[in-house]
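User: Please take a close look at one turn in this model and the strands around it. After that, place the turn in the wider chain.

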Amino acid sequence: CGEQSLLQCDDLSAGASVQVVCAKETDCHASQNCSGVNAECPTPESRDNGTTCNDGANVCVNGQCTGSLCAAAGLTECQCTTEDHYCDVCCDVEGKCTSSYDIESLDGAHVAPGTACKDKDGYCDHLNYCMLVDSDGPIARLKNLIFGAESIETAVTWIKEYPWAVALIALGVIVLIAVFIKLCSVATPRGGSKARKEKEKKEKKGKSGVV
């Protein structure tokens, strides 16, 4: 019982406190009222070990939903590696990780949402689908796309198959650079040096006139 339950049992009179539920019912134990004698909430009565809990994904052990569903059949829990069963509760059956839905002695069940799946590369959602988590950021993905071994190999193969296309692309790049340089040179004013020379001439004339 939590602190709130203890306060409920402690603050009320003995006659009233016995009507207060200090431990709510769960899959693995019954509800429990205050005793009317002690401030502490009495330990609720546990359900039988092996009782299914957590929507059938686990079994009760000493009043807690901590046991594996597989343990109820004397098996060890494992993580399925096939896509159709990523989010199933799976058990090791003679060395093979098998979905609980395919084990006759068990009622099939899914793992709880948020459970890791596909060798911890994803997590199970509320629809029992394994949502993969992208560990790489967008920059890393872009780098792998451009500089990855597969991308480089594909580019080399394409160059070997279409050398004429590579030549045309290179020629086009050269032409574009030449056009760009030409446009820039036309747009750049060339009168600066001429204006300086005229200014220098005027200054010389001015000096000669003063003399």
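Analyst: The part chosen here is the loop between β3 and β4, where aspartate 55 is found. The model is predicted, and every value below is computed from it.

Aspartate 55 has a positive phi of about 60 degrees, although the residue is not a glycine. Its relative accessibility is 78%, so aspartate 55 counts as exposed, the cut-off for that class being over 50%. The turn holds another positive phi: asparagine 54 has a value of about 55 degrees. The two flanking strands, β3 and β4, form a hairpin with four residues between them.

The strands on either side of this turn are β3, residues 52-53, and β4, residues 58-61; they run antiparallel and are joined by two bridges. Cysteine 53 in this pairing has asparagine 58 of β4 as its bridge partner.

Strand β4 also pairs onward. Three bridges join β4 to β5, which covers residues 64-68, and this pairing is antiparallel as well. Valine 59 has glycine 67 of β5 as its bridge partner. Between β4 and β5 there is again a hairpin, with two residues between the strands, and asparagine 62 takes a positive phi near 55 degrees there. In general, strands of a sheet pair through backbone hydrogen bonds, in either a parallel or an antiparallel sense.

Upstream of β3 comes the loop that starts after β2 (32-33), and cysteine 41 has its place in that loop. Cysteine 41 has a relative accessibility of 11% and therefore counts as buried, since the class takes values under 20%. Cysteine 22 is 19 residues away from cysteine 41 in sequence, and the C-alpha atoms of the two are 6.0 Å apart.

A comparable turn can be followed further along the chain. Glutamate 94 is found in the loop between β7 (90-93) and β8, and its phi is near 55 degrees, a positive value in a residue other than glycine. With 83% relative accessibility, glutamate 94 counts as exposed because the value is over 50%. The strands β7 and β8 form a hairpin with two residues between them, and glutamate 94 lies in that turn. Four bridges join these antiparallel strands, and valine 93 has lysine 96 of β8 as its bridge partner.

On the other side, β7 is joined to β6, residues 76-78, by three bridges, again in the antiparallel sense. Glutamate 77 stands opposite cysteine 91 of β7 in this pairing. Glutamate 77 also appears in the lining of the largest pocket, where Glu77, Asp88, Val89, Val111 and Thr115 lie nearest the centre among 15 lining residues. That pocket has a volume of about 150 Å³. By class, its lining consists of nine nonpolar, four polar and two charged residues.

After β8 (96-99) comes a loop that leads to β9 (116-117), and serine 100 lies in it. Serine 100 has 0% relative accessibility and so counts as buried. Leaving aside residues up to four places away in sequence, serine 100 touches Leu69, Val89, Cys90, Leu106, Asp107, Gly108 and Ala109. Val89, one of these contacts, is also among the residues that lie nearest the centre of the largest pocket.

The strand at the end of that loop, β9, belongs to an open sheet of three strands in the order β9-β10-β11, with antiparallel pairing. Its edge strands are β9 and β11 (130-132), each of which pairs on one side only. Two bridges join β9 to β10, residues 122-124, and alanine 116 stands opposite tyrosine 123 of β10.

As for the wider chain, the protein has six helices and 11 strands. Of its 211 residues, 21% count as buried; serine 100 and cysteine 41 are in that class, whereas aspartate 55 and glutamate 94 count as exposed. The accessible surface of the chain comes to about 15700 Å², and carbon and sulfur atoms account for 56% of that area. Among contacts with a separation of 6 or more, 22% are between residues 24 or more positions apart.

Terms used
Residues are numbered from 1 along each chain as its sequence is written. This is a predicted model: local features need pLDDT of at least 70, side-chain atom pairs count only at pLDDT 80 or more; totals for chains, interfaces and linings use all residues. Side-chain values use heavy atoms; hydrogens and water are left out. On a 1 Å grid over the protein atoms alone, a cavity is a set of points where a 1.4 Å probe fits but cannot get out, and a pocket is an open set with protein on both sides within 12 Å along at least five of seven lines; lining residues have an atom within 4 Å of a point. Grid points are joined across faces, edges and corners, and a volume is the space filled by probe spheres set on the points. Ala, Val, Leu, Ile, Met, Phe, Trp, Tyr, Cys and Pro count as nonpolar, Asp, Glu, Lys and Arg as charged, and the others, Gly among them, as polar. Buried means under 20% relative accessible area, exposed over 50%, partly exposed in between (1.4 Å probe, protein chains only). Contact means heavy atoms within 4.5 Å. Two strands pair if DSSP finds at least two bridges between them. Accessible areas come from the Shrake-Rupley method with a 1.4 Å probe; for residues, only the protein chains shown count as cover.
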